Amino acid sequence: MNIAVFASGSGSNFQALLDAEASGKLSAAIKLLVCDKPNAFAVERANKAGIPVYSFNAKDFSSKEEYEREILVELQKHSIDFIALAGYMRLVGTVLLDAFEGRMVNIHPSLLPHFPGKDAVGQALAAGVQETGVTLHYVDSGMDTGPIIEQAVVAVLPGDTADTLQARIQKTEHELYPRVLQNIIHKQMAGGITK
Ligand code: GRF
């Protein structure tokens with residue numbers, strides 16, 4: 001199973017997936033990083049790991065459809081079967097959704113449906129909840145709205161700042177993402193992949 005990871009930022013979840021593949025915990029091949037921020041640290045991680053990168057600037061295209069068609073060409077070039085969004089800060093459009101329906105997941109730093117969108121950690125702190133967490137879900141056209149696959153709870157501790165809470169959430173993400181992805185891949189391989 002060939003995976004493409006999509007990221008826009010630091011790429012620590014991308015790194016967790018690379019590490020899981022290297023240690024045999026993820027029985028899939030990460031074949032491509034797709035990144036809409038050419039200077040993102042995720043790109044450096046890919047270079048270090050020898051993973052090809054397709055980076056693009058959305059401003060160079062007239063529409064989402066146009067840049068997603070380019071992405072699709074790259075995905076096909078690398079025989080990608082499955083997409084793992086990891087901090088990709090764009091809504092996925094119909095070109096990629098149609099091509100990868102049921103084969104695209106995202107990780108989000110809250111217990112969805114609570115706190116979708118940007119700054120989920122800040123939203124949780126502002127709401128004063130005692131628990132937040134991490135959600136792995138399939139991707140649909142909405143903002144963090146697709147069917148939930150698995151969630152993990154992270155306690156909000158007294159005195160937590162955005163940084164301390166974020167750090168605990170990310171630790172949980174780095175454990176959850178490879179584990180859940182491995183389960184999904186296992187199931188999809190057992191059921192046979194249809195493209
Ligand atoms: C993660 O918190 C993820 O849940 C969210 O974006 C963040 C990406 O972090 N979608 P990183 O780039 O993987 O470090």
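This is a walk through the structure above, starting at helix 1 and moving outward to the loops. Keep in mind that the model is a predicted one.

Let's begin with helix 1, which covers residues 12-22. This helix is mostly covered, since 8 of its 11 residues are buried. If you want to find them, look for Asn13, Phe14, Gln15, Ala16, Leu17, Leu18, Ala20 and Glu21. So what does the covering? Several elements take part: strand 1 (2-7), strand 2 (29-35), helix 2 (41-49), strand 4 (82-85), strand 5 and helix 6 are included in what lies over the buried residues of helix 1.

One of those neighbours deserves a proper look. Helix 6 spans residues 162-191, and helix 1 packs against it at an angle of about 45 degrees, with the two axes 9 Å apart. An angle like that falls outside the ranges for roughly parallel, roughly antiparallel and roughly perpendicular, and the two helices are therefore oblique to each other. Their crossing is right-handed. On the helix 1 side, the residues that meet the partner are Ser12, Asn13, Ala16, Leu17 and Ala20. From helix 6 come Gln170, Glu173, His174, Tyr177, Pro178 and Leu181. Sort the residues of this contact by type and you get 6 nonpolar, 4 polar and 1 charged.

Helix 1 also turns up beside the ligand. There are 14 residues around the ligand, and the ones that come nearest are Gly9, Ser10, Ser12, Asn13 and Gly87. Ser12 and Asn13 should sound familiar, as both also belong to the contact of helix 1 with helix 6. Which elements supply at least two residues each to the shell around the ligand? They are helix 1, strand 5 (104-108) and helix 6. The largest share, 3 residues, comes from helix 1. As for the make-up of this shell, it divides into 5 nonpolar, 8 polar and 1 charged.

Now step off the end of helix 1. Just after this helix, Gly24 takes a positive phi of about 85 degrees. Ser23 sits in the loop that runs between helix 1 and strand 2. Is Ser23 buried or exposed? Ser23 counts as exposed, because it has 9 C-beta neighbours inside 10 Å, and the exposed class takes in residues with 12 or fewer. For a sense of distance, Ser23 and Asn106 are 83 residues apart in sequence, and their C-alpha atoms are 22 Å apart in space.

Back to helix 6, which has another helical partner. Helix 5 (residues 120-127) packs with helix 6 at an angle of about 120 degrees, and here the axes are 10 Å apart. This pair is therefore oblique as well, and the crossing of helix 5 and helix 6 is right-handed. Helix 5 brings Val121, Gly122 and Leu125 to the meeting, while helix 6 brings Ala162, Leu165, Gln166 and Ile169. By type, the residues of this contact are 5 nonpolar, 2 polar and no charged.

The loop that leads from strand 5 to helix 5 has a couple of backbone details to look at. A cis peptide bond joins Leu112 and Pro113, with omega at about 15 degrees, and Pro113 has its place in this loop between strand 5 and helix 5. Asp119 is found in the loop between strand 5 and helix 5 too. Its phi is near 50 degrees, a positive value in a residue other than glycine. Asp119 is partly exposed, because 14 other C-beta atoms lie within 10 Å.

Our last stop is the loop between strand 6 (131-138) and strand 7 (148-155), where you'll find Asp144. Asp144 has a positive phi of about 60 degrees, although it is not a glycine. With 21 other C-beta atoms within 10 Å, Asp144 is buried. Thr145 is found in the loop between strand 6 and strand 7 too, but Thr145 is partly exposed, with 14 other C-beta atoms within 10 Å. Leaving out residues up to four places away in sequence, Thr145 touches Pro116 and Asp140. Thr145 and Ala124, meanwhile, are 21 residues apart in sequence and 17 Å apart in space, C-alpha to C-alpha.

Conventions
Residues are numbered from 1 along each chain as its sequence is written. This is a predicted model: local features need pLDDT of at least 70, side-chain atom pairs count only at pLDDT 80 or more; totals for chains, interfaces and linings use all residues. Axes are lines fitted to C-alpha atoms, for helices over the stretch in contact, and angles run from 0 to 180 degrees between N-to-C directions. Helices (H or I, at least four residues) and strands (E, at least two) are DSSP runs, numbered from the N terminus. Angles under 35 degrees count as roughly parallel, over 145 as roughly antiparallel, 65 to 115 as roughly perpendicular and the rest as oblique. A crossing is left-handed if the near helix is turned anticlockwise from the far one by less than a right angle, and right-handed if clockwise. Two residues are in contact if their C-beta atoms, placed from the backbone, lie within 7 Å. Ala, Val, Leu, Ile, Met, Phe, Trp, Tyr, Cys and Pro count as nonpolar, Asp, Glu, Lys and Arg as charged, and the others, Gly among them, as polar. A residue is near a molecule or strand if its C-beta atom, placed from the backbone, lies within 6 Å of it. A residue is buried if 20 or more other C-beta atoms lie within 10 Å of its own, exposed if 12 or fewer, and partly exposed in between; C-beta atoms are placed from the backbone.
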